[in-house]
Amino acid sequence: MKKAIDVGLVGAGRIGRVHAENLAYRIAEANLVAVSDVFVEAAEKLAAELQIPALYKDHRAILDDASVDAVLICSSTDTHAQLIEEAAEAGKQIFCEKPIAHDLAEIDQALAAADRAGVKLMIGF
C-alpha cells in the first residue's frame, strides 16, 4: 500500500506557489514530484526552491506520467476546464483552483469528464 500521494502541479505562478509550499512543507503524505508552466522560468525557480524533481513546459508530460496520482491545476482560469478534462481522461485525481470556467456549458463538460472517469475533483476556494 502506497503511503504518500505523488502530485504534479500545473501552474507555477502565485497561487501555484502557495499550494506547492503547502504540499512541500505541511503535508507529509504528499510528494510534489513535478511542475509545469508555460513560463518555464517560473517552473524552474519553483522546482529549484522546493526540490521538485521534474519540470516541464507542457502539462501533458505530467498527465502522461503513470507515477503521478493527482494534479493541482493552478494555471490561468481560461485553461481550467480543458485541463480538468485532460486530467480526468488521464485518470488523475484533481484539485483545481476556482473558478472552473466562466461559461456554464464548459463547467458542465468538465464535471461530466471527471464523473465519467471516476476521479475525484475538488475546487479550491
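Helices, counted as H or I runs of at least four residues, and strands, counted as E runs of at least two, are DSSP runs numbered from the N terminus. With that numbering, Q51 can be placed in the loop between α2 (40-50) and β3 (54-56). The model shown above is a predicted one, and the paragraphs below go from the whole chain to its single elements and then to particular residues in the loops.

The protein chain holds five helices and six strands, and read from the N terminus these elements follow the order β-α-β-α-β-α-β-α-β-α-β. The radius of gyration of the protein chain is 13 Å, close to the 14 Å that the globule rule gives for 125 residues, so the chain is as compact as a globular protein of that length. Along the principal axes, the C-alpha atoms occupy a box of roughly 40 × 35 × 25 Å. Of the 125 residues in the protein chain, 45% are buried, and when contacts between residues at least 6 apart in sequence are considered, 60% of them join residues at least 24 apart.

The surface and the charges can be described in a similar way. The accessible surface of the protein chain amounts to about 7,100 Å², and carbon and sulfur atoms account for 54% of that surface. The chain carries 12 positive and 20 negative charges, and the mean positions of these two groups lie 6 Å apart.

Among the strands, β1 (residues 5-10) and β2 run parallel and are joined by six bridges; within this pairing, V7 has L32 of β2 as its bridge partner. Strand β2 (residues 30-36) has six of its seven residues buried, so β2 is largely enclosed by the rest of the structure. Ahead of β2 in the chain comes the loop that follows α1 (14-26), and A28 is found in this loop between α1 and β2. A28, in contrast to the buried residues of the strand, is exposed, with a relative accessible area of 68%.

A second parallel pairing involves β4 and β5, which are joined by four bridges, and here V71 has I94 of β5 as its bridge partner. Four of the five residues of β5 are buried, so β5 too is largely enclosed by the rest of the structure.

Helix α4 (residues 80-89) is mostly covered, with eight of its ten residues buried. The buried residues of this helix are H80, A81, L83, I84, E85, E86, A87 and A88, a list that includes E85 and E86 as well as L83 and I84. The cover over the buried residues of α4 includes the strands β1, β4 (70-73), β5 and β6 (121-124), together with the helices α3 (60-64) and α5. Just after α4, G91 adopts a positive phi of about 80°.

Two loop residues make contact with this helix. S75 lies in the loop between β4 and α4, and, apart from residues up to four places away in sequence, S75 touches V10, G11, H80 and L83. S75 and D37 are 38 residues apart in sequence, and their C-alpha atoms are 7.8 Å apart in space. I100, for its part, is placed in the loop between β5 and α5, and I100 is buried, with a relative accessible area of 10%. Leaving aside neighbours within four places in sequence, I100 is in contact with T77, H80, A81, I84, I107, A110, L111 and I123. One of these contacts is with H80, which is 20 residues away along the chain, and the C-alpha atoms of I100 and H80 are separated by 5.4 Å.

Backbone geometry deserves attention in two of the loops. P99 sits in the loop between β5 (93-97) and α5 (104-117), and the peptide bond that joins K98 and P99 is cis, with an omega of about -20°. The C-alpha atoms of P99 and A28, which are 71 residues apart along the chain, are separated by 27 Å. In the loop between α2 and β3, Q51 has a positive phi of about 55° although Q51 is not a glycine. A residue counts as exposed when its relative accessible area is over 50%, and Q51, at 71% relative accessibility, therefore counts as exposed.

Note on methods
Residues are numbered from 1 along each chain as its sequence is written. This is a predicted model: local features need pLDDT of at least 70, side-chain atom pairs count only at pLDDT 80 or more; totals for chains, interfaces and linings use all residues. Side-chain values use heavy atoms; hydrogens and water are left out. The radius of gyration is taken over C-alpha atoms; the globule rule is 2.2 Å times the number of residues to the power 0.38. Buried means under 20% relative accessible area, exposed over 50%, partly exposed in between (1.4 Å probe, protein chains only). Contact means heavy atoms within 4.5 Å. Accessible areas come from the Shrake-Rupley method with a 1.4 Å probe; for residues, only the protein chains shown count as cover. Lys and Arg count as positive and Asp and Glu as negative; His and the chain ends are not counted. The place of a charge is taken as NZ of Lys, CZ of Arg, CG of Asp or CD of Glu. Two strands pair if DSSP finds at least two bridges between them.
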